[in-house]
Amino acid sequence: MNQLLKLSDFSVSFTTPRGDLHAVRGVDLSVAKGESIGIVGESGSGKTVLSRATMGLMPSTATCTGSVEFNGAPLSDLSHAEVRNYWGTGMAMIFQDPLTSLNPVRRIGSQLMEGLIVRLGMSKDQARARSVELLERVRIPDPYAAMKKYPGELSGGMRQRIVIAIAIACTPELLFADEPTTALDVTVQAQVLELLAELRQEFNMTMILVTHDLGVVAGQTDRVVVMYAGEIVEAAVTKDLFANMKMPYTEALMKSIPRLDQASGQRLRVITGRLPDPTTPEPGCSFAPRCEYATDKCRAEKPPLVTMQNGHQYRCFFPIGGSL
Amino acid sequence: MAGSGKLHLRLDSDPLLVVQDLVVQYKVNRKSFVSAVAGISFDVLRGETLAIVGESGCGKSTLGKAIMQLPRPQGGTVVLDGVDITALDGNDLRDVRPKVQMIFQDAISSLDPRLQVKNIIDEPLKVWKKGTAAERSIKVDNLLNSVGLDPVVVRDRRPYEFSGGQCQRISIARAIALDPVLLVCDEPVSALDVSIQAQILNLLQDMKEKLGLTLIFISHDLAVVKAVSTRVLVMYLGKICEVATPDDLYAHPAHHYSRALIAAVPIPDPEVGVDKIRVTGEPPSPVNPPSGCRFRTRCESASQRCAAEEPQLQEVGLGHFVACHHPVTN
């Protein structure tokens, strides 16, 4: 398969008054062209930092180590200005919060046209025509009127569609979608997910979907990566992951979701405790303090990421269902 | 949907709360109003958990606040424990307030950032003069313990030092401080991670059993609603679509809107095919709601009758009511 993105031993840390905060630790990840990958984890698991750092969207307090290769080009060795050349056409991102990721004092049209003019060198008229097409494509009713509106005049679902239109405007090869539906209603979420799946097919885009919702990744991705405390703790083909969870954390996360196919009034399973403090890494498995199966070995020694024959990876000494 | 009617009321079983024909309007400009709640009736039995579900903008939060008379509704009655609180004002209304408490969606911003946790929880006790300072301090510690927080650790801290889940625990402690009979929870877990969400839902369930509370649980998440509720009310644009027990509703939704809402919930299992029942578009503006059934503009089964005549709630099964001219048949 043709590799589009390759992260090797990728780490991100932030300098804080309390010491270095390790948000992403030693991530190896490769994404093939046309693939759809889900990155799942709780708040603070490092999933958003990982995707933003890959694109080079990090503040100056962040230190990134390891390598990022995009289409064979070593992004991690390039300067910020050079990385910028990949934005829009190479990689683009749909941000989590459609309320704040649009500029409130600029019209929708000018925000959409900006990328087209700057990146693709279109004239204003060309960009305007293309923008209307894009708005039609993401099913904005009356796109001409929408071009003249300000973000505040549109609903959350409409704004998220605009954000999607901006992200796909320059037909990027790789699209990051960072919790694209978290702020939306369930009916609108279904519409937006359907739209993303269509666009992905149409433009043959590779997608990395970052979310905390295992329900969303189940229907949308080929492969799922589960993150915990900045590390990959499990990765597998989506169907395989849901059928044969190896990592106790994934299982606990799965069991804490209220499901429609469960009888009502049942007590939910919880994961007790919280994520470990990212400034002081645990000596052993980072999930050990919250894991119901943890032993002394888990608390003392760090489990390596094991790769099974079918490519299923997990980071656990005592995987569920044995270590085959 | 978007119907009215009172067939679903159970007045003979001494409900704790009876809401009839409740109307809440907000002024849009000098000439027009928007009816966020447009004539809703429901009741809640003692010990029940009534879930109110619907999309953003359907009026579910407004309904929750109107029960508490915040703001006062423009029409209808709210009878709590036999007393019509819409007829009360001044000190009489104030005396009822401790009985109904509320938990808000955004826990962090619903706590005063400048107060220490002990003062946040002590405030209602102090206002209502429940005991001496020393007695109140013990009560605060007990409350913190009961919501699973260690008083020694958290007493002197301020809200920003806590995570969203912990803040929600603090607001639950504050809400139960005055021994309310009815707790209105407005999207209490939608801002939380799944793992924390489960903890808070279980805590609410524990509190309900321990203190004999009755809950109104407002949410847009149908999976969460199924886990916690004993009765579900589906709302659309300020009107009721369907009232049923959760098991009934999810197994046999009778309203087209309920069916679409349920089908839109993503299922954490890649083997389950995506259900293709979709509602298209977004809810119309409540300033100019559609005539007749308010859902008809997005409903695939809408007929001329739906535009002409507002559906009334009718019983389609035991305790299962739907406001639709063409209910879904299973």
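## Helix packing, sheets and chain contact in a predicted two-chain model

In helix H3 of chain A, the residues Gly109(A), Leu112(A), Met113(A), Leu116(A) and Ile117(A) meet Lys124(A), Ala127(A), Arg128(A), Arg130(A), Ser131(A) and Leu134(A) of helix H4. The model described here is a predicted one. H3(A) covers residues 108–120 and H4(A) covers residues 124–137, and the axes of these two helices come within 9 Å of each other while crossing at roughly 120 degrees. The crossing in which H3(A) passes H4(A) is right-handed. Sorted by class, the residues of this contact comprise six nonpolar, two polar and three charged ones.

H3(A) also packs against helix H6 of chain A, residues 156–168, at an angle of about 20 degrees and with the axes 8 Å apart. Angles under 35 degrees count as roughly parallel, and H3(A) and H6(A) are therefore described as roughly parallel to each other. On the side of H3(A) the contact is made by Ile108(A), Gln111(A), Leu112(A) and Gly115(A), and on the side of H6(A) by Ile162(A), Ala165(A) and Ile166(A). Five nonpolar and two polar residues take part in this contact of H3(A) with H6(A), with no charged residues. Leu112(A) is listed in the contact with H4(A) and again in the contact with H6(A).

### Strand pairing

Strand E1 of chain A (residues 3–16) pairs with strand E2 of chain A (residues 19–32) in the antiparallel sense over ten bridges, and the two strands form a hairpin with two residues between them. Within this pair, Leu5(A) of E1(A) has Val31(A) of E2(A) as its bridge partner. E1(A) is also joined by eight bridges to strand E4 of chain A (residues 62–70), again running antiparallel, and here Ser11(A) has Thr65(A) as its bridge partner. The table sets these pairs beside two from chain B.

| Strand pair | Sense | Bridges | Example of facing residues |
|---|---|---|---|
| E1(A) and E2(A) | antiparallel | ten bridges | Leu5(A) and Val31(A) |
| E1(A) and E4(A) | antiparallel | eight bridges | Ser11(A) and Thr65(A) |
| E1(B) and E4(B) | antiparallel | five bridges | Leu17(B) and Leu80(B) |
| E10(B) and E12(B) | antiparallel | two bridges | Glu242(B) and Val322(B) |

In chain B, an open sheet of four strands is arranged in the order E2-E1-E4-E5 with antiparallel pairing. Its edge strands are E2(B), residues 33–44, and E5(B), each of which pairs on one side only. Strand E1 of chain B, residues 17–27, is joined to E4(B) by five bridges, and Leu17(B) stands opposite Leu80(B) in that pair. Helix H1 of chain B lies across E1, E2 and E4 of the same chain and runs at about 65 degrees to E2(B).

Chain B also holds an open sheet of eight strands, in the order E6-E7-E8-E3-E9-E10-E12-E11 and with mixed pairing. Strand E6 (100–103) and strand E11 (314–317) of chain B stand at the edges with a single partner strand each, so one side of each has no neighbour in the sheet. Neighbouring strands of this eight-stranded sheet are turned by 25 degrees against each other on average, direction ignored. Between strand E10 (residues 239–244) and strand E12 (residues 320–322) of chain B there are two bridges, and Glu242(B) stands opposite Val322(B).

### Backbone details

Asp9(A), in strand E1 of chain A, has a positive phi of about 45 degrees although it is not a glycine. A residue counts as exposed with 12 or fewer C-beta neighbours within 10 Å, and Asp9(A), with 11 such neighbours, is therefore classed as exposed.

In chain B, Asp81(B) likewise has a positive phi, near 55 degrees, and is a residue other than glycine. Asp81(B) lies in the loop between E4 and strand E5 (83–84) of chain B, and, because it has 16 C-beta neighbours inside 10 Å, it counts as partly exposed. The peptide bond from Leu70(B) to Pro71(B) is cis, with omega near -5 degrees, and Pro71(B) is found in the loop between helix H1 (60–67) and strand E4 (75–80) of chain B.

### Contact between the chains

The contact takes 37 residues from chain B and 37 residues from chain A. On the side of chain B that touches chain A, helices H7 (194–211), H8 (222–228), H9 (246–251) and H10 (256–263) each supply at least two residues. H7(B) gives the largest share of that side, seven residues. By class, the residues of chain B on this side divide into 20 nonpolar, eight polar and nine charged.

Conventions:
Residues are numbered from 1 along each chain as its sequence is written. Chains are lettered from A and ligands numbered from 1 in the order in which they are written. This is a predicted model: local features need pLDDT of at least 70, side-chain atom pairs count only at pLDDT 80 or more; totals for chains, interfaces and linings use all residues. Two strands pair if DSSP finds at least two bridges between them. Axes are lines fitted to C-alpha atoms, for helices over the stretch in contact, and angles run from 0 to 180 degrees between N-to-C directions. Two residues are in contact if their C-beta atoms, placed from the backbone, lie within 7 Å. Ala, Val, Leu, Ile, Met, Phe, Trp, Tyr, Cys and Pro count as nonpolar, Asp, Glu, Lys and Arg as charged, and the others, Gly among them, as polar. A crossing is left-handed if the near helix is turned anticlockwise from the far one by less than a right angle, and right-handed if clockwise. Angles under 35 degrees count as roughly parallel, over 145 as roughly antiparallel, 65 to 115 as roughly perpendicular and the rest as oblique. A residue is buried if 20 or more other C-beta atoms lie within 10 Å of its own, exposed if 12 or fewer, and partly exposed in between; C-beta atoms are placed from the backbone.
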